Amino acid sequence: MELRIGSVRLASNLILAPLAGYTNLPFRLVIRELGGVGLCVTDLVNARSLLEKNPKALQLIATRPEDQPQSVQLFGSVPEEMAAAAQFLEARGVALIDINMGCPVRKVCKVGGGSAMMAEVEKTAALVAKMVAAVKVPVTCKMRLGWDDANLTAPDLARALEDAGAAAIMVHGRTRAQGFEGAVSLPGIRAVVEAVRHIPVIGNGDITTPQAAKTMLDETGCAGISAGRGAFYNPWLFSHTLHYLETGELLPEPRFAQRLRVMTRHLDLMVEVFGEEHGCRLFRKVAPWYAKRFGPAAPFNRQVVRLSSRAEYDRIVADYVAWRVQFLGDDGEVLPRFAPAAMAENFSREPLDALGGKGPAATERTALPVPAGPQEWW
């Protein structure tokens, strides 16, 4: 299940996708400790802010030896700034540099970054060529299928980016107009796979289970998959997916004690990296995502969103564990009637409008909500 991107060889073809405000160093370390992942991509970081050595930008690219190989995702639309930021990252030992062409957030698009780059193929290809010429490390690109149903530019853009020297393409199977609504289009991803000649295409979007990962690999022909929100629901996603792809065996969902241990490890890393006060404040938006798989968790969520210290966390957990007993069976696990629903894939297998069929606007809503993020970083 190895994957090669330019000169970089990854141990697996499973990638943690960037998720603004969430794929920081503590979460990447948690994912790596659980295993299965071949590469973890940082939050998207503004190229200009990086060149100005903005403390928040530098914090976004913070790393450790355990976080290698490192891929940093840049956003921006000024070729000279993007190339200079790539050189800055290369000098710091970054193994891969990713360009964000998929972020649908208005703050990114209005300055010509993110999904806006998909609307100007020649200009975007020229920017990529300038970055590729500026560094020796592989440059990759993360995109969507296009701006909207009428502008499904991903196949043409992918081909142009390959010609410009991009080492890999990661494609989210929705348009910018969809945001995170509707189903991911497998035919749309496959069209990108078929458009390029040699470089790997990584499929992305609604990978929530090992079965969903295999479906995307099988039906699109992509070289690997990446997951962001799905990994926040289930940090074991990559280790379980790798096991499933290698053996055909589905591992059982982690028990509550395992989930609690990993959630606590995540908090400890947040405190270690960001300090107790700031780490606990950041963890307020993280803990409820773990709790989505706990079963009944309303009292826990009400308290943890006001978390201010590590000692307070221990008290909140102890209170919750005692309260939770009423929902447990003899085996110590949540009774089936209280258990969270199983995760399900949300893929469209219909061809896109521009490729001769039903488009993504006709599909159902996404299975995953979008986590709130620190918009000021976007």
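**Exercise 1. Contacts and polar partners of Thr220**

Determine which residues Thr220 touches beyond four places in sequence, and where its side chain finds polar partners, in this predicted model.

Solution. Step 1: leaving out residues up to four places away in sequence, Thr220 touches Leu186, Ile189, Arg190 and Val193. Step 2: Thr220 belongs to helix α9. Step 3: the relative accessibility of Thr220 is 0%. The cut-off for buried is under 20%, so Thr220 counts as buried. Step 4: the Thr220 side chain reaches the backbone oxygen of Met216 at 2.6 Å. Step 5: a polar atom of the same side chain, that of Thr220, lies 3.1 Å from the backbone nitrogen of Cys222. The side chain of Thr220 thus has polar contacts with the backbone of Met216 and of Cys222.

**Exercise 2. The surroundings of Cys40**

Place Cys40 in the fold and state whether Cys40 is buried or exposed.

Solution. Step 1: Cys40 is part of strand β4, which covers residues 39-46. Step 2: the relative accessible area of Cys40 is 0%, so this residue is buried. Step 3: with residues up to four places away in sequence set aside, Cys40 touches Leu16, Arg28, Ile31, Arg32, Asp67 and Ser71. Step 4: Cys40 and Ser226 are separated by 186 residues in sequence, while their C-alpha atoms are 9.2 Å apart.

**Exercise 3. Backbone geometry in loops**

Find the cis peptide bond, and describe phi for Lys53 and Asp206.

Solution. Step 1: the peptide bond between Gln68 and Pro69 is cis, with omega of about -5°. Pro69 sits in the loop between α3 (55-60) and β5 (70-75). Step 2: Lys53 is not a glycine, but its phi is positive, near 55°. The loop holding Lys53 runs between α2 (47-51) and α3. Step 3: Asp206, also not a glycine, has a positive phi of about 60°. Asp206 belongs to the loop between β10 (201-204) and α9 (210-220). Step 4: the relative accessible area of Asp206 is 4%, so Asp206 is buried despite its place in a loop.

**Exercise 4. Nonpolar cores**

How many residues does the largest nonpolar core have, and which helix gives the most to this core?

Solution. Step 1: the largest nonpolar core has 101 residues. Leu74, Ile99, Leu161 and Phe300 have the most contacts inside it. Step 2: helix α12 (residues 256-274) gives the most to this core, with nine residues. Step 3: a second, separate core has 13 residues, among them Ile5, Val8, Val41 and Ile202. Step 4: take Leu161 from the largest core and list its contacts. Apart from neighbours within four places in sequence, Leu161 is in contact with Met101, Thr124, Ala125, Val128, Cys141, Met143, Ala166 and Ile169. Step 5: in soluble globular proteins, nonpolar side chains tend to be buried together.

**Exercise 5. Aromatic pairs and charges over rings**

Classify the ring pairs Phe27 with Phe232 and Phe294 with Tyr320, then locate the charges that sit over rings.

Solution. Step 1: the count of aromatic pairs comes to 14. Step 2: the rings of Phe27 and Phe232 are 4.4 Å apart, centre to centre, with 45° between the planes, and the pair is tilted. Phe27 is in helix α1 (residues 25-34) and Phe232 in helix α10 (residues 229-233), so this pair ties together parts 205 residues apart in sequence. Both residues, Phe27 and Phe232, are buried.

Step 3: for Phe294 and Tyr320 the ring centres are 6.0 Å apart and the planes are at 25°, so this pair is stacked. The pair links distant parts of the chain, 26 residues apart: Phe294 lies in the loop between α14 (287-291) and α15 (298-304), and Tyr320 in helix α16 (residues 310-324). Phe294 and Tyr320 are both buried. Step 4: one aromatic cluster is formed by Phe256, Phe294, Phe300, Tyr320, Trp323, Phe327 and Phe338.

Step 5: the charged end of Lys285 sits over the ring of Tyr22, 3.8 Å from the ring centre. The charged end of Lys292 sits over the ring of Trp289, 5.4 Å from the centre.

**Exercise 6. The chain as a whole**

What share of the residues is buried, and how many helices and strands are there?

Solution. Step 1: the protein chain has 16 helices and 12 strands. Step 2: of its 378 residues, 59% are buried. Step 3: among contacts with a separation of 6 or more, 70% are between residues 24 or more positions apart. Step 4: the chain exposes about 15200 Å², of which carbon and sulfur atoms supply 52%.

Conventions. Residues numbered from 1 in each chain as written. Predicted model: local features only at pLDDT ≥ 70, side-chain atom pairs only at ≥ 80, totals over all residues. Heavy atoms only, no water. Helix = DSSP H or I, 4+ residues; strand = E, 2+ residues; numbered from the N terminus. Buried < 20%, exposed > 50% of the residue type's maximum accessible area, 1.4 Å probe, protein only. Contact = heavy atoms within 4.5 Å. Areas by Shrake-Rupley, 256 points an atom, 1.4 Å probe, with all protein chains shown as cover. Core = buried A, V, L, I, M, F, W, Y, C linked by side-chain atoms within 4.5 Å. Polar contact = N/O pair within 3.5 Å; in protein donor to acceptor, adjacent residues only side chain to side chain. Phe/Tyr/Trp six-rings, centres within 6.5 Å; stacked < 30°, edge-to-face > 60°. Lys NZ or Arg CZ within 6 Å of the ring centre and 35° of its normal.
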